Amino acid sequence: MMSDRLLMPLVPTNAFGTTVEENPTLFWYVPQTSAQSAEFILLDQHDQELYKTTLPLKKTPGIISFQLPTEVALEMDKHYRWQFSLTCDANVPSANPFVEGQIERVELSQSLTKSLERSQTLDRPEIYAKAGIWYDALSTLAELRCQRPGDALLSHRWTTLLKSVELNDLATEPLSQFCN
């Protein structure tokens with residue numbers, strides 16, 4: 001069965017998200033495609049390319065992720081833009097499907113730090129989400145889902161988080177290149 005879903009970033013509807021991590025993990029839904037790879041580019045606030053890499057793709061649709069490597073640490077309170085494109089035709093890059101978004105690394109407030117320290121691992125994604133720290137909420141919850149794939153509570157929280165940014169259609173898609 002072919003899906004009519006398109007390449008989709010797992011980001012809020014305005015395509016902007018925050019993180020407290022120097023090297024956050026970003027996520028995308030990749031539909032059934034003939035592309036065997038994707039290209040990721042990170043740009044600074046002046047649209048200067050900071051990092052570029054090629055990511056291998058599996059033949060099956062699903063949610064994939066990429067963690068920024070340590071040599072590309074995000075600086076505090078700076079806006080970055082990323083682009084993610086499927087390499088369908090290397091000779092005509094402008095014809096390749098792509099998505100983009102923005103990310104900013106922010107500092108944890110003292111109260112949020114205390115909340116996270118006092119919380120159980122299971123509650124951290126919700127704490128991040130309530131604080132608007134999207135990328136960390138998503139990656140923390142994805143990690144928990146990988147550790148406990150059959151957990152109904154985690155599945156429900158995943159659906160709730162994606163629904164909060166109008167991505168509920170992707171809630172049942174596999175974390176195909178994250179849980180390894």
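Is Gly101 buried or exposed at 3% relative accessibility? That is a good place to start a tour of this predicted model, and the first view takes it up.

**View 1. Gly101 within strand β8.** Gly101 belongs to strand β8. With a relative accessibility of 3%, Gly101 counts as buried, because the cut-off for that class is under 20% relative accessible area. Setting aside residues up to four places away in sequence, you will find Gly101 touching Ala15, Tyr80, Arg81 and Trp82. Another residue to pick out in this view is Phe84: it sits 17 residues from Gly101 along the chain, and the two C-alpha atoms are 8.8 Å apart.

**View 2. Thr25 and its surroundings.** Strand β3 covers residues 25-30, and Thr25 is part of that strand. Thr25 has a relative accessible area of 10% and is therefore buried. If neighbours within four places in sequence are left out, the residues in contact with Thr25 are Ser65, Phe66, Gln67, Tyr135, Ser139 and Phe178.

**View 3. Leu108 in the loop between β8 and α1.** Here we move to Leu108, which is located in the loop that runs between β8 and α1. Its relative accessibility is 26%, so Leu108 counts as partly exposed. Beyond the neighbours within four places in sequence, Leu108 is in contact with Val20, Thr113, Leu116 and Ile133. For a sense of scale, look for Pro97: Leu108 and Pro97 are separated by 11 residues in sequence, and by 35 Å from C-alpha to C-alpha.

**View 4. The side-chain contacts of Ser109.** Ser109 is also a loop residue, placed between β8 (98-105) and α1 (110-118). At 35% relative accessibility, Ser109 is classed as partly exposed. Two contacts of the Ser109 side chain are worth a look. One is a polar contact with the side chain of Ser111, at 3.3 Å; in the other, the side chain of Ser109 reaches the backbone nitrogen of Leu112 at 3.1 Å. If you zoom out to Asn168, 59 residues from Ser109 along the chain, the C-alpha atoms of the pair turn out to be 30 Å apart.

**View 5. Helix α3 packed with helix α4.** Two packed helices are described by the angle between their axes and the distance between the axes. For helix α3 (residues 134-147) and helix α4 (residues 152-163), the angle is about 155° and the axes are 10 Å apart. The two helices are therefore roughly antiparallel to each other, since an angle over 145 degrees falls in that class. The crossing of α3 with α4 is left-handed. On the α3 side, the contact is made by Trp134, Ala137, Leu138, Leu141, Ala142, Leu144 and Arg145, while α4 contributes Leu154, Ser155, Arg157, Trp158, Leu161 and Leu162. Sorted by type, the residues of this contact are 10 nonpolar, 1 polar and 2 charged.

**View 6. Positive phi at Asp47 and Asp77.** For anyone who likes to check backbone torsions, this view shows two residues. Asp47 is not a glycine, yet its phi is positive, at about 60°. Asp47 lies in the loop linking β4 (37-43) and β5 (49-56), and it is partly exposed, with a relative accessible area of 45%. Asp77, likewise a residue other than glycine, has a positive phi near 60°. Asp77 is found in the loop between β6 (62-67) and β7 (79-86).

Technical notes: Residues are numbered from 1 along each chain as its sequence is written. This is a predicted model: local features need pLDDT of at least 70, side-chain atom pairs count only at pLDDT 80 or more; totals for chains, interfaces and linings use all residues. Side-chain values use heavy atoms; hydrogens and water are left out. Helices (H or I, at least four residues) and strands (E, at least two) are DSSP runs, numbered from the N terminus. Buried means under 20% relative accessible area, exposed over 50%, partly exposed in between (1.4 Å probe, protein chains only). A polar contact is a pair of N or O atoms within 3.5 Å; within protein, one must be able to donate a hydrogen and the other to accept it, and residues adjacent in sequence count only if both atoms are side-chain atoms. Axes are lines fitted to C-alpha atoms, for helices over the stretch in contact, and angles run from 0 to 180 degrees between N-to-C directions. Angles under 35 degrees count as roughly parallel, over 145 as roughly antiparallel, 65 to 115 as roughly perpendicular and the rest as oblique. A crossing is left-handed if the near helix is turned anticlockwise from the far one by less than a right angle, and right-handed if clockwise. Contact means heavy atoms within 4.5 Å. Ala, Val, Leu, Ile, Met, Phe, Trp, Tyr, Cys and Pro count as nonpolar, Asp, Glu, Lys and Arg as charged, and the others, Gly among them, as polar.
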